[in-house]
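Biologist: I have the model open beside me. May I put some questions to you about it?
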Amino acid sequence: MDRLAAGSTQQDVSGSMGEGLALPLPVQEEAWLDSSARRLAVPERLLNLAELDVLYDDAARAIWTFMRPYGRPSFTPPMLGDFELWQDLIGRHFGPGRLPLDYLILGSRSPGVFCFGGDLDLFQKLIRAGDRNSLAHYGYRCVEILHRNMLAMDLPMLTIGLVQGQALGGGFEALLSFDVIIAERGSTFGLPEVMFGLFPGMGAHAILSRKLGTAMADRIILSQKTYTAEEMYEMGIVAHLAEPGEGVAAVRDFIAKSARRHSGMVAAKKAMRVAAPLEVDELRRIVDIWADAALQLSESDLRLMTRLAGAQARNHGKAA
């Protein structure tokens, strides 16, 4: 996909933005200038994050973001930092009275992977060091990003998670914070934490229990099963299925079909948050339970965690 609001695009159009134009322009040219001005107003820092590839689609009033991690596709501290800055910049520069934004999309550049979730290498180091505070701090950062996304950053927009591969652990949990999930057939979802004596601590219990009920949430969390996109669709977690390789087109199609009902859909999502409220303090309390449980893991559990992280890294390397 072309970079719709990259620095090179800004340089190309800046020379045409003169002040005090003497003659009125044709409507088409005025629209072009308005579009160029909006692109120029996109904060440059947003377009130059280290591990997030951000594109502003002026015509669709949408921000496309693709995770572009260094190494294993997981939520490392640097990537969390990018997400925090991403949310802050969007919150300050977009919305009513500022740059228009109706849709926020998150996908991944990693071939065959949305995200593997938590930073297992970091977890092992902190657990072996007995560093509960750092474990909890990592979890707090995750759920605060997730919770802000659940609230659509208090902007009148719809958030869309685009899945084109594996969404495991915290990657699956992150997706649950989006208003709409669009997944390509062949994508998979799972919460593998139980296999090494832990549980998903960054949102799965709170969100799945509200969406599906506690019994089904328990089944998904404790089963160690990998679910297909089709199964997630039948449960109502995935909203739309796309054919392999057609995920981006499916998102564009969803946006085109949602244009007339956008305000109603935004209001409906806001009403759902009132009907099933979730406060960040609840998520933080679950993180505390997770951090305590992590410190109880045995050496064999940690070795299994190591093997899982290694297998994911190797498989991702082959796919790349």
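Modeller: Please do. This is a predicted model, in which local features need pLDDT of at least 70, side-chain atom pairs count only at pLDDT 80 or more, and totals for chains, interfaces and linings use all residues. Residues are numbered from 1 along each chain as its sequence is written, and side-chain values use heavy atoms, with hydrogens and water left out.

Biologist: How many disulfides does a search of the whole structure find?
Modeller: The search finds zero disulfides, a disulfide being a pair of cysteine sulfur atoms within 2.5 Å. C115 is in none, and the nearest cysteine sulfur, that of C142, is 9.4 Å away.

Biologist: Is C115 buried or exposed?
Modeller: C115 is buried, at a relative accessible area of 1%. Here buried means under 20% relative accessible area, exposed over 50%, and partly exposed in between, with a 1.4 Å probe and protein chains only. C142 also counts as buried, at 13% relative accessibility.

Biologist: Turning to the interior, which residues have the most contacts inside the largest nonpolar core?
Modeller: They are L46, W86, I90 and F189, in a core of 79 residues. A nonpolar core is a set of buried Ala, Val, Leu, Ile, Met, Phe, Trp, Tyr and Cys residues joined through side-chain atoms within 4.5 Å. The element that gives the most to this core is α5, with nine residues; helices (H or I, at least four residues) and strands (E, at least two) are DSSP runs, numbered from the N terminus.

Biologist: And what is W86 in contact with, leaving aside its neighbours within four places in sequence?
Modeller: W86 is in contact with L46, L49, L52, V54, T65, L104 and M153, where contact means heavy atoms within 4.5 Å. Another core, of 17 residues, lies apart from the largest one and includes W64, L162, I182 and M265.

Biologist: Where is M157?
Modeller: M157 is in the loop between α5 and β5 (158-163), and counts as buried at 2% relative accessibility. Its contacts beyond four places in sequence include L101, Y103, D179 and H262. The C-alpha atoms of M157 and S263 are separated by 8.3 Å, although these residues are 106 apart along the chain.

Biologist: Which residues lie nearest the centre of the largest pocket?
Modeller: M150, L176, K211, M272 and R273 do, among 27 lining residues. A pocket is an open set of points on a 1 Å grid over the protein atoms alone, where a 1.4 Å probe fits, with protein on both sides within 12 Å along at least five of seven lines; lining residues have an atom within 4 Å of a point. α5 (132-150), β7 (180-184), α7 (204-212) and α11 (262-275) each give two or more residues to the lining.
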